[in-house]
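Biologist: Thanks for sitting down with me. Could you walk me through this model, piece by piece?

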Amino acid sequence: MTTIIETTVKNGFCCGCGVCAGVCPSQNLAMDWNIYGEYNPVRLQDCKHECGLCVTVCPFADGNPNEDDLGKLLYGNIPQIHHRSETGYFLSIRAGAVINDAMRLRSASGGLATWFLDELLRRDIVDAVICVHHYDEPRKLFKFVVARSIDAIHEGAGSVYYPVEISEVLQYIRHNPGRYAIIGLPCLLKGLRLAQTKSVVLRERIVMMVGLACANQKSTYFTRYAAWKAGIPDGELAGISYRKKNPENSLARFFTFQFRNSMGKVITQKWDDEIGLMYHNRFCTIHSCDCCDDMFAECADVCFMDAWLPEYICEPRGTSVWIARSMMANELLIEGVAQGLICDREVNFEEMLAGQSSMRWKRELLGYRLTLMHNAGETVPTKRVVPTEGKILSKLEKARCKAAFEIQRDGKKIFVTSGYAEVGVWFSSVWNNVSWYVKLGRRVGKYYGMCVTLGKYFVSKWKN
Ligand SMILES: Cc1cc2nc3c(=O)[nH]c(=O)nc-3n(C[C@H](O)[C@H](O)[C@H](O)COP(=O)(O)OP(=O)(O)OC[C@H]3O[C@@H](n4cnc5c(N)ncnc54)[C@H](O)[C@@H]3O)c2cc1C
Ligand code: SF4
Ligand code: SF4
Ligand code: SF4
């Protein structure tokens with residue numbers, strides 16, 4: 001029997017979730033940084049008895065149940081539940097926001113995730129919420145915490161585009177009885193669901209999983225580069241908010257960074273064109289994200305995301321969409337609306353999907369990317385999408401996939417081999433070469449995806 005080090009980590013598909021290190025019965029694994037600013041498990045000592053548990057809980061290890069299997073087990077028998085291959089199971093899809101304006105402005109989107117976690121504690125459904133807080137250690141910056149008060153839950157509001165791993169908190173849950181809710185990205189929650197299939201303790205104690213939609217996660221270097229551009233040298237960044245909102249803005253996506261340096265000075269910086277392009281074009285993206293097919297946290301009781309819908313893109317306070325799967329999550333949200341704590345409106349499935357353009361990347365383009373990886377000699381993980389030659393894709397979209405790999409692979413190495421000043425020069429030269437077909441490819445994909453989605457919508461209307 002082998003451990004996770006010889007499988008997922010060796011093959012380069014570790015997303016850094018920390019579930020393996022959190023469940024290892026002998027505490028043989030610990031999470032540490034690799035040279036590319038990503039978390040990976042490392043072996044602290046040889047296994048006296050190779051139990052294989054670390055492999056069976058890993059979201060990127062072959063042979064484990066996939067999101068379809070886990071989703072069916074969890075939600076397949078709920079009366080009147082719907083299922084679509086893109087989202088998994090759902091009872092309701094709605095868009096909305098918290099009524100409390102201060103809370104909404106502090107949040108990443110419409111503040112529904114924090115409201116939901118707050119409600120779980122207030123109603124005594126859980127004893128504690130596992131969410132992410134800032135952490136005063138320059139390399140780590142963020143960590144999962146056990147929040148036992150409403151204030152501690154609210155302190156976690158906002159989106160974190162920085163690696164954060166769960167191993168310590170998972171060990172805490174294993175050793176401390178109680179009812180916990182956990183918020184996380186789809187890959188982490190899949191790992192936790194796999195762990196629950198192996199552990200009665202985790203099954204009983206983790207009573208609610210709250211997901212965030214996810215297109216990709218970044219290595220530490222994305223943040224460190226953005227901070228360096230704002231005049232904060234490496235090692236002097238003490239804190240960062242990625243999505244500061246300004247209610248005077250004209251568009252929901254006009255966020256600013258708010259950095260705090262080690263002297264406590266706060267520096268606000270716009271997401272400039274370069275950082276925006278880097279974010280959207282796989283610069284510093286973790287390699288596991290290149291072969292991830294779960295956008296909507298299909299193993300979570302509820303998933304929250306941005307409402308990139310026409311009527312909300314000009315709402316600078318932000319708006320969320322939720323996909324509720326379990327009865328309890330659905331009821332809590334519906335009751336919140338009835339009590340006037342959150343506002344909402346129903347969102348048609350196709351409408352929601354049309355707002356998430358990354359979905360095409362995660363599904364239609366994934367088969368072709370898997371083939372590219374295979375051709376490059378990589379061991380390719382088994383996904384719900386099979387490797388294809390991409391015959392139905394346009395040349396532009398194929399070229400876009402290749403460019404993304406180039407940016408992702410070479411961008412990763414540039415920080416190890418060069419200084420920060422060279423990174424911008426390198427990126428602009430790569431971008432100048434690829435920008436025309438990447439932009440066109442994205443547009444083609446977006447409109448093609450929208451046409452297919454709208455087509456399906458009209459067919460479903462016509463059938464009804
Ligand atoms: C890496 C990443 C990628 C994303 N990609 C997309 C996308 O492509 N499309 C889309 O629509 N939405 C995406 N989201 C989700 C979106 O950014 C918001 O987080 C979501 O809409 C919830 O907003 P809210 O206002 O309801 O949450 P808030 O009320 O602000 O609460 C957010 C909660 O999430 C927790 N949290 C934040 N970051 C992390 C993290 N990295 N890991 C675990 N918990 C975390 C916080 O601790 C807090 O409890 C992404 C989020 C992240 C972190
Ligand atoms: S369980 Fe998570 S941290 Fe461990 S190897 Fe798998 S992906 Fe990496
Ligand atoms: S095989 Fe078992 S003991 Fe060895 S690292 Fe994995 S979980 Fe730990
Ligand atoms: S894209 Fe997938 S693998 Fe990457 S962080 Fe998001 S859920 Fe995890």
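Modeller: Happily, and let me start with helix α11 (residues 220–229), which lies across β10 and β11 and runs at about 85° to β11. Contact here means heavy atoms within 4.5 Å, and angles run from 0 to 180 degrees between N-to-C directions, with axes as lines fitted to C-alpha atoms, for helices over the stretch in contact. Helices (H or I, at least four residues) and strands (E, at least two) are DSSP runs numbered from the N terminus. Please keep in mind that this is a predicted model, where local features need pLDDT of at least 70, side-chain atom pairs count only at pLDDT 80 or more, and totals for chains, interfaces and linings use all residues. Residues are numbered from 1 along each chain as its sequence is written, chains are lettered from A and ligands numbered from 1 in the order in which they are written, and side-chain values use heavy atoms, with hydrogens and water left out.

Biologist: Which strands are the edge strands of the open sheet that holds β11?

Modeller: Two strands pair if DSSP finds at least two bridges between them. The order is β10-β11-β12, with antiparallel pairing. An edge strand pairs on one side only, and here those are β10 (237–244) and β12.

Biologist: Which residue in the turn of the β11 and β12 hairpin has a positive phi?

Modeller: Strand β11 (residues 256–261) and strand β12 (residues 266–270) pair over five bridges, and R260 stands opposite V266 in β12. Four residues sit between the two strands of the hairpin. The one with a positive phi, of about 90°, is G264.

Biologist: In what order do the strands of the eight-stranded sheet come?

Modeller: This sheet is open and its pairing is mixed. Its edge strands are β7 (142–147) and β15 (342–346). The order is β7-β6-β8-β9-β13-β14-β5-β15.

Biologist: Which residue of β7 does I130 stand opposite?

Modeller: Strand β6 (residues 128–134) pairs with β7 in the antiparallel sense, over six bridges. Opposite I130, in β7, stands V146.

Biologist: What angle does the direction of helix α8 make with that of β7?

Modeller: Helix α8 (residues 167–175) packs on the sheet and touches β6, β7, β8 (180–184) and β9 (206–212). Its direction and that of β7 make an angle of about 20°.

Biologist: And what angle does helix α9 make with β9?

Modeller: Helix α9 (residues 186–198) also packs on the sheet, touching β7, β8 and β9. With the direction of β9, that of α9 makes about 155°.

Biologist: Which element gives the most to the shell around ligand 1?

Modeller: A residue counts as near a molecule if one of its heavy atoms lies within 4 Å of it, and 35 residues surround ligand 1. At least two residues each come from α6 (112–122), β6, β8 and β13 (302–306). With four residues, the element that gives the most is α6.

Biologist: How far is the backbone N or O atom of V160 from a nitrogen atom of ligand 1?

Modeller: For a polar contact, the pair of N or O atoms must lie within 3.5 Å. A polar side-chain atom of S107 is 3.4 Å from an oxygen atom of ligand 1, and a backbone N or O atom of M305 is 3.3 Å from an oxygen atom of this ligand. For V160 and the nitrogen atom, the distance is 3.0 Å.

Terms used
Polar contact = N/O pair within 3.5 Å; in protein donor to acceptor, adjacent residues only side chain to side chain.
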